[in-house]
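Okay, thanks everyone. I'd like to spend a few minutes on how two chains meet, so let me put the model up.

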Amino acid sequence: MSGPQPLPGNLPGSLPGKGDDGTTGHFHTDGDQTWHRVHPVSPLVRSWVAIAAVLFIFGRNTLDTLFTRGPNGPALSNAPAALILAVVASVVLVFGLAFFLSWRFTRYQVTDHHVHINSGVIFRQQRRARIDRVQAIDVVQPLLARVFGLAELKFDVADGGKSAFKLSFLKLEEAKRLRAAILARAAGVAVDPNAPSDVAEAPETPILALSPARIIGSVMFGSLTVTTVVTLAAVTALAIWSGEIGVFFACIPVLLGLVAAYWKAITGDFNFRVALSPDGVRLHYGMLETRAQTIPPGRVQAVGISQGPLWRPFGWYRVHVNVAGYGHDNSDHGSRTVLLPAGTIDEVMAVLALVFPDPGVENPFEVFAAGLRGPANKHGFVHSPRSAIWIDPLAWRYNAYRATATALLCRHGIIFRRLQVVPHERTQSISLRQGPLMAMLGLVDFELHSTVGPIRPVVHHMALDTGRRLFDEQATRAATARRLQRNEHWLTQAAAAPEPAAGELAPIDQQPILKEEHRGD
Amino acid sequence: MPKTSSVHGSAIDPVDVTFLPVSDKLMIARFIERGLTGLIILAIGAIPLLLRQSGVWGGYPAWLAWGVPALILVIVLWVLVLVPRQVRAIGYAERNEDLLIRHGIMFHRVMVVPYGRMQYVDVTMGPLERLLGLSSIHLHTASPGTNAIIFGLPAAEAGRLREQLSARGEAKLAGL
């Protein structure tokens, strides 16, 4: 297979004049005419299941005929050799051609502002992603891709498209370099001739790693085990009631499904590591299929920390995030929204510090711990009034909120405990709700709207005047935070790249919008 | 247009905000809409009664044959009676930073949508609305939870509001 374009193993062609030195370590953006291809083995890696299935069926049939031919006489005796060969050849040809075409028609290009991906043989697809709208990037390596040293680059964009952009497959280093390049541009750091190494893979600082015991333990004491116990109990009860031992055999598929679920849960989160790089928070996880997920700073829209009753003795918490773009993608069963599958309170705090560097209080540990444990009005939390006892007989002292200088904390529940944290500048819109029962008790629900994701922040059953005050204050806080955020970004950007921004201090009304565009969200 | 006094008030409304009401013609639209829907449901519910009265099929208890349409009728009438109250409960207010929208009386909701958060604004007009010269305006943010629709705006007011919202949205646009 030979194409006129350079193979992706090579460095992407560079535009003359971009960047001042031609060392192979860093990345140049492409011009209009420069296109790259993914790795030629990609279609093979992508569709290995289909190939394996064909091989399996075909191989089994061939073996069948080979074995049955002996006793049954010459049923197909004369034709097979040529026929089999012809079939094999045509299958190889068809697959080969399909693979070649799909490889040939998949092209990508990274310009200064956009990533273009063209694909499809019959139904052509041309997609374009604005780099400054990139929300998060994953480098995924399925098992077979790891064998070949390949990786899939997958990124989510905030505007429009429902599904993530995928480049599968690239060589691992190429994927990493593309990631670094896209992230650097998303962060608003234009190609900086003084420090080209910025665009190379940013170094990581390991923050924490979860031991295999933790992952296995968290799965064993999770909802899956509850399901298993209930299933086993039901099956046993059924067997005793009917007196048929065959019930157990009938349930083997269900049990296999449970085993598979355990396997998936354990291997999926295995070797979970959190690291910090200048690009953002980086999560590594997976046993067979490994994934490196990057969430740039400021892309986290909301955080949810939760703990079920089985985890309480161990003091483990799970941390979820809302990131714009993750919500649309259900292909990974929501595992991408997990920031920490099972962590102690210290680990939770460490991870929170990464995504919210400024908690807005002087004693963040105490406040967040109060938010995770409850009850009552300690550390500035305000819980539901006594009248809420009619609706929440157990949890009314646990349902609470606390507004810090930078975020709103919403605490929920007594058995399943949850804490939702939404930074003020990420508030989309807010609302107050009241039904007839709540009106009778003088209560009100306060809702914060975040982007699509597992966290839907809400403060349940506040006293009427508390809720109204929260509503008014939160609207003001969100507005203030939005204004501050613009200025802050503008400053950080001015610090990062002083040349382009130096003379533009004055027109603060228009400038932030422009900067916002560069900085993304 | 701004007959501010006619907007129905409630306990959770923010203080010192005057809500603008939507057009009273929305009542007509809703009467027609809900009346027709009610009639159709009533007609379906009355089929057993008709069959029974016309003697085609009588294997149906009389109380059920009369009871079902009667119940449907009561519900439809109740829904229609509520329409004026509901329409008067819809209100919106433009503030400096955000748009306030309120809905409902029994199930009451007040929402704040900051201008800087609006991704786009939809103005729609159905056939019935067109007849009455009304429009609906739908505000979208990055969150699906923002279910901000104002029904029954006079077309001119909807146009003005859209322009106003777009202009303010652009001026205050913030990242996600």
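A quick bit of vocabulary before anything else: when I say salt bridge, I mean a side-chain nitrogen of Lys or Arg sitting within 4 Å of a carboxyl oxygen of Asp or Glu. And keep in mind that this is a predicted model.

So, which side chains meet in a salt bridge here? A:R482 and B:E97 do, with 3.7 Å from N to O. The count between chain B and chain A comes to 2 salt bridges. On top of that, there are 9 residue pairs in polar contact across the interface, both partners at pLDDT 80 or more.

Now, where on chain B does this happen? Three elements each give two or more residues to the side that touches chain A: β3 (98–103), β4 (108–114) and α5 (155–172) of chain B. The largest share is from β4(B), with 7 residues. If you sort that side of chain B by residue type, you get 18 nonpolar, 6 polar and 8 charged.

Let's stay with β4(B) for a moment. What does it pair with on chain A? That's strand β19 of chain A, residues 429–434, and the two run antiparallel over 5 bridges. To find your way around the pairing, look for A:R433: its bridge partner in β4(B) is B:R109.

Last, the overall numbers. People often give the size of an interface as the accessible area lost when the parts come together. Between chain B and chain A, the buried area is about 2700 Å², and carbon and sulfur atoms give 54% of that. The contact takes 32 residues from chain B and 33 residues from chain A.

How values were computed: Residues numbered from 1 in each chain as written. Chains lettered and ligands numbered in written order. Predicted model: local features only at pLDDT ≥ 70, side-chain atom pairs only at ≥ 80, totals over all residues. Heavy atoms only, no water. Contact = heavy atoms within 4.5 Å. Buried area = accessible area lost by both parts, 1.4 Å probe. Polar contact = N/O pair within 3.5 Å; in protein donor to acceptor, adjacent residues only side chain to side chain. Helix = DSSP H or I, 4+ residues; strand = E, 2+ residues; numbered from the N terminus. Nonpolar A, V, L, I, M, F, W, Y, C, P; charged D, E, K, R; others polar. Pairing = 2+ DSSP bridges.
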